[in-house]
Amino acid sequence: MRKFILFIVILAGLTHYLAERGVASAQAVRTQACALPFRSFATAVRTQCSKAGAGDDILEIRSALGRLTRAGVLEPGELDDVEIAWCPLDEATGMAPDAGHIYLHPDLRGHPRQTAITLAHEAFHIRQYRMAEPGEFECAYSLAFVACRGCQDRDHPMERAAFEFEDRARRMLGR
Ligand SMILES: [Zn+2]
């Protein structure tokens with residue numbers, strides 16, 4: 001009898017364990033599927049930007065990064081593993097298509113303050129990627145984007161946070 005009860009207890013535990021794992025992995029699968037369109041878009045952007053020969057002349061980018069770090073907007077070394085490059089983006093002055101890339105529109109060149117502020121905005125998106133589980137940022141961003149009918153302004157909650165960080169950067173950088 002005891003053995004039987006023990007068996008039931010183990011079986012119940014095992015079922016519970018498998019159910020939990022099942023739910024967790026189904027959730028992960030859903031997140032990855034949900035992240036897919038964003039990721040294909042990100043791949044297209046990276047391809048376009050690498051063709052743009054964006055790697056040249058990053059002096060202004062380095063200087064913007066230094067400025068943000070000295071002002072305390074960014075932590076020292078925060079973007080060390082992020083490639084930051086110029087890229088003529090469509091309808092955007094900056095973009096972080098994934099946790100490892102930031103692109104800035106060449107129109108910003110010659111405008112060091114605006115370059116730094118745009119970089120701060122994109123750096124905040126990098127923080128959002130880093131805080132999320134794989135695929136979570138892409139999924140949440142896409143869902144919010146659809147919910148607000150394609151907005152990328154302060155009506156989009158993840159953009160609002162980035163714009164608020166941008167505002168803070170503006171204050172911390174001074175004039
Ligand atoms: Zn943004």
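Here are a few notes to help you find your way around this structure, which is a predicted model.

1. Start with the overall layout. The chain has five helices and three strands, and going along the sequence they come in the pattern α-α-β-β-β-α-α-α. Of the 175 residues, 25% count as buried. As for contacts with a separation of 6 or more, 63% of those in the chain are made by residues 24 or more positions apart.

2. Next, have a look at the sheet. It's an open one with three strands, ordered E1-E3-E2, and the pairing is mixed. Strand E1 (83-86) and strand E2 (94-98) each have a single partner strand and stand at the edges, so each has one side left without a neighbour in the sheet. From one strand to the next, the twist averages 20 degrees.

3. If you want to trace one pairing by eye, try E1 with E3. Strand E3 covers residues 101-104, and it runs parallel to E1, with four bridges joining the two. A handy place to begin is Glu83, whose bridge partner in E3 is His101.

4. Now bring in helix H3, residues 112-131. This helix lies across E2 and E3, and its direction is at about 20 degrees to that of E2.

5. Between E3 and H3 there is a loop, and Arg109 sits in it. Is Arg109 buried, exposed or partly exposed? It counts as partly exposed, because it has 15 C-beta neighbours inside 10 Å, while a buried residue would need 20 or more and an exposed one would have 12 or fewer. Arg109 also makes a nice example of sequence against space: Ile61 is 48 residues away from Arg109 along the chain, yet their C-alpha atoms are 8.9 Å apart.

6. Helix H4 (residues 136-147) lends itself to a quick length check. How far should its 12 residues span at 1.5 Å a residue? The expected figure is 16 Å, counting one residue less than the total, and the end C-alpha atoms of H4 are indeed 16 Å apart, so the two agree.

7. While you're at H4, pick out the residues there that are buried: Phe137, Glu138, Cys139 and Tyr141. Then step just past the end of the helix to Arg149, where the backbone takes a positive phi of about 55 degrees.

Conventions:
Residues are numbered from 1 along each chain as its sequence is written. This is a predicted model: local features need pLDDT of at least 70, side-chain atom pairs count only at pLDDT 80 or more; totals for chains, interfaces and linings use all residues. Two strands pair if DSSP finds at least two bridges between them. Axes are lines fitted to C-alpha atoms, for helices over the stretch in contact, and angles run from 0 to 180 degrees between N-to-C directions. Two residues are in contact if their C-beta atoms, placed from the backbone, lie within 7 Å.
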